[in-house]
Each structure stands twice: as C-alpha cells, then as structure tokens.
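Biologist: I am new to this structure and would like to learn how to read it. Could you walk me through the main features, one at a time?

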Amino acid sequence: MKWVGLAALAVFAFALAVLLGPAHVPVAELLRSPIVRELRLPRAVLAFLVGGSLGVAGASLQALVRNPLADPYLLGLSGGASLGAVAAIALHVGGPWALPLAAFVGALAAMGLVYRLGLVGGVELDPRVLVLAGVVVGAFAAAVSTAIVSLSEATALRNAFLWLWGGLSGANWDTVLALCLYAPLPLAVLFAAARPLDLLALGEEPAGYLGVDVAVLKRCVYVAASLLTAAAVAVSGVIGFVGLIVPHIGRLLWGHRHRALLPVVFLGGGTLLSLADTVARVAVAPRELPVGIVTALVGVPVFALLLRRWTRN
Amino acid sequence: MAQRPHLVGLLLALVACGRAGSRTPAAGSLAVTDDAGRAVTLAAPARRIVSLAPSSTELLFAIGAGDRVVGRTTWCRYPAAALSVPVVGDGLNPNIEAIATQHPDLVVLYASALNETAARQLERIAIPAVILRQDLLEHVARDARLLGRLTAHESGGDSVARAVLEALEAPPPWPTSASRRRVAFVVWDNPPMVIGAGSFLDQLAELAGVHNAFHDLTSASATVSLETIAARDPDVVITIADSEDARLPAFASAREWQVVRAVRERRVLTLPGALFGRPSPRAAAAVAELRRRLQALR
C-alpha cells in the first residue's frame, strides 16, 4: 500500500512538473508546444533523476560512514565542483559544456583526494577519517575558489556562484541523455550493495564475520555514491537537503533495510525535487526561486513532522 | 502600556535633536542627506575623494572634479584619466585601511549593506562618507548635483544633471507604440537573470524606441525561468559584455536557449559594458548607440 502511494505521488509530482509553468500552455497543445517539449519535459526528467540520485547517494553514504548527518556533499564534492567551475571561467574555457564538465572534473579530483586521505595505512578506508578528509578538502577547495573570485575582475566569475548554488535552468535533452547513460552504473552498484550495507550497520567486524568483504564494500559504495553526486552537481549545481532529508524520511516510513530503502529514496528524492522545482518555477512567476531554498522549505517541515511522530512512539 | 508615551516622547526628542543638528551646520560647511538617509556634513569642499563605484567615479570626472579623485575601484575604467588613479579595492567589501592610506576627506560608496557598515567604520576614523544609489538615470542627475555641491563644482554638476534630464525627457523616436520591437536584457544565463523597470537599461530601451519585455518587474534585475523568456518572445535579446568584442554570448549556442525565438534567429545584441554597464552622464550617447545597433540588426 505504501508502495502504491509513493508511486502515485511520484507520477503526480512528475505530471505537475510538466503541466504547470510560468508560461500558459493549453492542455490540448501540451505535446506540440516547444516550451513543453524542449524546456519543461527535459527539466522535469532531470529534476527527477537528480533528486533520485541525490537520495540514493545520501542514503548510501549515511550507511557507509554510519553518521545520520552525512549528505552527498559532505565528502568535499561541492567544494571540488565549485573550484572546477570557477577555474574553467577564469581560464576562459568556452562552450555550453565547459562549466558542467569542469565541475564534474573538480568533483572527481576532490573525490580522489578524499579517498587517498581516507585510506588509513594505504589500504583500509576509515569512515571517520573519510568524513574529516571530506570536510577539509571541501573547505580548502571552497577557499581557493572564493580567493580566485574575489581577486578576479570578470563579472562572469561572481555569477559562477549563482550557478553552483543550484538550479535546473540549464536542463535540455542532451543533459538528460548524458545522465541517463551515466547514472545506471553507479546506481546498480549501490543497489547491489543493499544487503551488505544492512550488515555493515551491525559494525565492521560483525559484518566481516557474516561474510561481507568490508574493505571492498566501503570502496565500491564510496566511489559509486561520489560518482553519482559528481554528475548531479555537474548538471544542476549544489542542491541541498534532498540527499540529507529524503533518506531519513525513507527510514522513518520504510525501515532500515536497504533493499527497500534505496528504491524508496530514489523515488522519494525524485518526487521531492520535482515538486520543489515546480514550486520554484511557478510560485513567484514570472520570477523564479532558487530550487535549493524550496527543497528546504518543503522538505524540512515534512521531516520535522515525521520526526515528531516517530519520537512520540 | 504606561511606558509608551515616555518612549514616544523620547523618540520625538531624539528626532528633533537630529534635525536641529543637521539644520544648523557650522559656518562655511556643506550638509547633504545621502541615499541611505544619513546626514553628511563636510567642513569644506572635498579635495581628496576616494570613489568606490564606477558610476560615481565617472560622474566626478564628468562634473570636472576628476583631479580630486585619489582612489578608485578596479572596475572604474572610464574615463581613461581615471586609470592613473590608485586602486583601493574592488568596491564590494571596502578595505578601510587601504582607503585611509589615501587620506581622503570624502569617500563615495554605492548603496549596499556592506557599504553602510563601511561608512560607519569610516566615521569612526573621522572620514566622511556619502552613500549614493545609482540605478536609474534620475539618480545620475540628482547625484551630479549632490557631488557638485560637495566638491564646489555646482555649475559642472548642474550642467551634467540638465544634460541627463534632457536625454530622459527627449521624445521617443517613433511614436507608434503598437509596432515597437520588444527586447529582453539577459544579464546572466544560468539561472537566467533579466533587467526590470528598476534599471537604467529599461529607460535606455524606452528612449531608443523599443520596449523592455520585462518592464512589469519593478526591481533592477530578477531571476526568471527560461520558459518565461520564451513565452514573452522578445524580438531581440540584449546582453552586456565586459570586453569590446561583439561575439555572441556562449548561451546563444546552448540547446535549451534555442526555444527563445530571438536566440534561434540570432537576433542577439552584445553591448559594451563601458557605455551600458552602469547609469552614466553619457545617457544620450548610449541611447543613440543602442538605436544604431538595433537598426543595424534589422
């Protein structure tokens, strides 16, 4: 029953994202209108894919570092992405794909660095060290990019931060296609790790006794979740709260089993970001709100409500 | 409740004191109220001015007080004579010590929260600061007169003000408003930001005989959906570039922007920031240049 409800909610959110917009398009012309075909539809699909990816990445990382505050950007990816984007603008790299690609490369570089710092003794990935390494690498990259921006004279650089604060304005069928080809692999790796992640919750040692190759599991989950987040940042900037709150909502309603939780947070994250983006486009039309603000405005009250209900029982 | 009359009385007394103070300045001093509502009093006309906004630097040179500018921002590059003035910062978050080393007797700031804090800091080290909000052409005229008073260049300030107001009141070139072309100023592409009625660019468009498609937005600029730009269907998309090159902006080749007819048909104008990046005394020249470029695009 819960599954039917979630699926219905997801379809409803997606339909709303296609039907509603600041421009008036009659229902009869929905499929013929270039505004719907080239702008709304790819944006709705992208919002769903990015929201779902952030939800799955957040849930997996929270399980990996066993920290409820973990979110997809905790491990330095947003700082690395902003440094990449700012560097691309400062070096005058042109073309419509320059910014997303540079942000992606920056996020991957941060991921590599955090991974290397998190390898204790060169072999074992320690979640606590990983979190610390992520925070310092992210802070360092953010500081370098802020320094470049404040010392530079190009207006374009100041606006690079607008892009990084997140938004789906750049959505088109090319970005959707790129994400559709890219995301299934890391998603499959994480879905396949559902059962071992359940065992990891018992602790690393017990999980090892139960037959989990803990070292391999941690590496795979870390790399897959980071690759997913890096792609999300590249196409839509840093959108907060989805990767933090949706996994918690999923656990409150579905429990801690990852085999159910991961599909739930994919649908839930996609639903939340679709709804939030629709609100961002429509609420103050013709103006537009930053979507990250709306995800917080929509997600936090829902989360608080569930938390209260859950702690009362 | 019983305390309320006292409070009101106290407030009124404070306001009265403030007014009395600003109405009776010392003999020979200059008193003005700036755009942040602060009373600014100078003992004598300013001789060493640090100007922290490109618009006010240009204005000071225009009214004939350019030789008194002893500090500028990296962005103040017009007129060419301004380039020989030392740079004291980027104008966003003023460096008080860098300003103080120029020993100014007046600092001109653009209206922002950071700059109001800076003005208070400057007051503490006895450097007067004036905060000017220059968004519209009227503001250029008003501030030309204000800076004219503060620098004892009243006639220079007055003639600049009159020239700007004259340009503003000039009759539009073609009277039929129905056939006017509609433009959209796109100042950033992701997220798309456009210019509204609160900006001088909206005024320049009207004066050049075209209509800003986002005239209904009252602020100077606003973030909008790409969908809204496509639906409003402007005839020409206008951008402002720092450099002089007239290449198409990068977003003009982005796939999602092809939904906007003006972009698809390559009716995109790139205007030089030196003339169009801020409200300036050269409003008449800006209008003529915009009209010329729009006609060339036909």
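Modeller: Let us begin where the chains meet, keeping in mind that this is a predicted model. Chain A and chain B bury about 2600 Å² between them, and 56% of that area is on carbon and sulfur atoms. The contact draws 29 residues from chain A and 31 residues from chain B.

Biologist: How many salt bridges cross between chain A and chain B?

Modeller: A salt bridge needs a side-chain nitrogen of Lys or Arg within 4 Å of a carboxyl oxygen of Asp or Glu. By that rule, 4 salt bridges cross the interface of chain A and chain B. The count of residue pairs in polar contact between the two chains, both residues at pLDDT 80 or more, is 8. On the side of chain A that touches chain B, the elements giving two or more residues are helix H2 (34–65), helix H6 (155–164) and helix H7 (173–182) of chain A. H6(A) gives the most, with 7 residues. Sorted by class, this side of chain A has 14 nonpolar, 7 polar and 8 charged residues.

Biologist: Which residues does B:Arg255 pair with in salt bridges?

Modeller: One partner is A:Glu38, with the closest N and O atoms 3.7 Å apart. Another is A:Asp174, where the closest N and O atoms are 2.7 Å apart. That second pair crosses between chains, from the loop between strand E12 (236–241) and helix H9 (261–264) of chain B to helix H7 of chain A.

Biologist: Are B:Arg255 and A:Asp174 buried or exposed?

Modeller: The class between those two words applies when relative accessible area is neither under 20% nor over 50%. B:Arg255 is partly exposed, at 30%, and A:Asp174 is partly exposed too, at 29%.

Biologist: Now to chain B by itself. What is it built from?

Modeller: Chain B has 11 helices and 13 strands. Of its 298 residues, 51% count as buried. The domain assignment divides chain B into domain 1 (28–168) and domain 2 (182–297). The centres of these domains, taken over C-alpha atoms, are separated by 28 Å.

Biologist: How many residues of domain 1 and domain 2 of chain B are in contact?

Modeller: In chain B, 16 residues of domain 1 are in contact with 14 residues of domain 2. Together the two domains bury about 1300 Å², with 65% of it on carbon and sulfur atoms. The rule finds 2 salt bridges across this interface, along with 6 residue pairs in polar contact, both at pLDDT 80 or more. On the domain 1 side, helix H2 (54–62), helix H5 (137–150) and helix H6 (154–169) of chain B each give two or more residues. The largest share, 5 residues, comes from H2(B). The residues on that side divide into 11 nonpolar, 2 polar and 3 charged.

Biologist: Where in chain B do B:Glu58 and B:Arg282 lie?

Modeller: Their side chains meet in a salt bridge, 2.7 Å from N to O. Both B:Glu58 and B:Arg282 are buried. B:Glu58 lies in helix H2 of chain B and B:Arg282 in the loop between helix H10 (273–276) and helix H11 (283–296) of chain B, so the pair ties together parts 224 residues apart in sequence.

Biologist: What happens when salt bridges share partners?

Modeller: They join into one network, here made of A:Arg40, A:Arg43, A:Asp277, A:Arg281, A:Glu288 and B:Glu227. Over all chains, the structure holds 26 salt bridges.

Key. Residues are numbered from 1 along each chain as its sequence is written. Chains are lettered from A and ligands numbered from 1 in the order in which they are written. This is a predicted model: local features need pLDDT of at least 70, side-chain atom pairs count only at pLDDT 80 or more; totals for chains, interfaces and linings use all residues. Side-chain values use heavy atoms; hydrogens and water are left out. Domain bounds come from an automatic or database domain assignment. Contact means heavy atoms within 4.5 Å. Buried area is the accessible area (1.4 Å probe) that two parts lose on being put together, summed over both. A polar contact is a pair of N or O atoms within 3.5 Å; within protein, one must be able to donate a hydrogen and the other to accept it, and residues adjacent in sequence count only if both atoms are side-chain atoms. Helices (H or I, at least four residues) and strands (E, at least two) are DSSP runs, numbered from the N terminus. Ala, Val, Leu, Ile, Met, Phe, Trp, Tyr, Cys and Pro count as nonpolar, Asp, Glu, Lys and Arg as charged, and the others, Gly among them, as polar. Buried means under 20% relative accessible area, exposed over 50%, partly exposed in between (1.4 Å probe, protein chains only).
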